[in-house]
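Please take a moment to look over the sequence and the three-dimensional structure shown below. The paragraphs after it explain selected parts of the structure in turn.

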Amino acid sequence: QTRNKSHIISNNTLFSSQDNTRQLTVQMMQNPQILAALQERLDGLNGSPSGYMESLPKVVKRRVNALKNLQVKCAHIEAKFYEEVHELERKYAALYQPLFDKRSDIVRAAYEPTDEECEWKVDEEEELTVSKQEEMKEKAKLEEEKKDEEKEDPKGIPEFWLTVFKNVDLLSDMLQEHDEPILTHLQDIKVKFSDPGQPMSFTLEFYFEPNEFFTNTVLTKTYKMRSEPDESDPFSFDGPEIMSCTGCTIDWTKGKNVTLKTIKKKQKHKGRGTVRTVTKTVPNDSFFNFFSPPEVPENGELDEDSEAILAADFEIGHFIRERIVPRAILYFTGEAIEDDDDEYDEEGEEADDEEGEEEADEENDPDYDPKVSTQPGS
């Protein structure tokens with residue numbers, strides 16, 4: 001019996017250790033800082049060959065070169081794979097577009113959905129929440145009815161895209177207070193892919209209703225991509241990458257350009273000591289700077305600031321294309337954000353548990369003395 005009991009304890013310890021290892025691995029893989037440090041270490045390892053290659057006989061090195069040539073061919077096949085993926089994206093974009101067009105019609109009040117289209121089946125959890133809040137909803141409904149009598153019915157879904165932007169950290173960080181009145185006029189965002197046979201690219205189209213700020217009805221941002229191995233470094237190929245982007249000219253109404261601001265500076269004459277006020281126009285922080293990205297020179301060399309701006313720009317453009325346009329309603333309601341928040345909460349809870357375990361271990365340690373300093377060198 002003792003042997004059996006010790007065997008069970010041993011197995012339980014093993015399974016517990018495996019569970020802890022799995023949890024730790026999951027936490028590590030979800031922590032951007034740990035991943036970045038790991039990637040940096042791996043990059044260091046990649047840059048530190050063991051010297052084994054140099055020690056190989058010529059006949060073996062010859063075969064290694066043959067394998068590298070095979071790898072280059074693999075990279076070219078992978079490039080073709082991504083080209084076909086792009087074709088599939090174009091094909092399915094055409095299937096999605098009628099649904100997105102109807103979404104736009106509802107948002108801008110060009111179409112009123114039927115009662116059947118407005119029915120939404122709630123799950124059990126939502127039903128419980130609804131039952132608990134029925135009284136509050138009834139009260140709120142009465143108040144809304146009174147307000148509706150006093151004012152006109154709102155058209156469509158007011159401030160739909162502005163709300164989406166404000167709900168997404170990546171985009172809300174770009175928004176300034178003076179941008180918001182303009183974005184209330186944003187009616188739709190579309191993604192257009194390059195035509196068959198043309199270089200790979202996609203364009204973001206921002207559709208605005210007539211407004212007092214500019215005369216454009218559409219603002220565009222085009223991202224040019226490359227999906228082929230670099231001849232000088234074919235092994236670095238890892239799928240399509242954005243190479244450059246171009247914005248558009250915004251035809252601002254006089255006095256409404258939020259990307260510029262006027263400042264006044266006082267200048268003192270060195271000789272006479274007189275003071276004069278000089279007015280200057282300088283760049284201003286605004287979401288609409290998104291449509292004026294830094295130009296990439298022909299040699300591809302950029303200063304650090306321009307590189308940082310373009311890196312962020314590429315990330316934003318990709319995010320709008322991949323997430324915002326296809327799932328706009330979920331970012332409007334916050335449901336897509338809640339999913340992300342839930343993941344972070346779980347990580348935090350696990351981290352708290354681990355800290356608790358460490359504290360408990362210290363308290364149960366017979367050799368642990370809180371009076372003894374734990375600092376190095378003490």
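What follows is a short walk through a strand residue, a helix residue and the cysteines.

The model is predicted. A suitable place to begin is D188, which belongs to strand 1, spanning residues 186-193. Its relative accessibility is 4%. Buried means under 20% relative accessible area, so D188 counts as buried. Leaving out residues up to four places away in sequence, D188 touches R103, S104, W161, E205, F206 and Y207. A further relation concerns F160: D188 and F160 are separated by 28 residues in sequence, while their C-alpha atoms lie 9.2 Å apart in space.

The next residue to consider is R90, which is part of helix 4, a helix that covers residues 58-107. Is R90 buried or exposed? The relative accessible area of R90 is 16%. This value is under 20%, and therefore R90 is classed as buried. Apart from its neighbours within four places in sequence, R90 is in contact with F193, S194, D195 and P196.

Two cysteines complete the account. C118 has a relative accessible area of 47%. Because partly exposed covers values between 20% and 50%, C118 falls into that class. C245, by contrast, has a relative accessibility of 7% and is therefore buried. How many disulfides does a search of the whole structure find? The search finds zero.

Terms used
Residues numbered from 1 in each chain as written. Predicted model: local features only at pLDDT ≥ 70, side-chain atom pairs only at ≥ 80, totals over all residues. Heavy atoms only, no water. Disulfide = S-S within 2.5 Å. Buried < 20%, exposed > 50% of the residue type's maximum accessible area, 1.4 Å probe, protein only. Helix = DSSP H or I, 4+ residues; strand = E, 2+ residues; numbered from the N terminus. Contact = heavy atoms within 4.5 Å.
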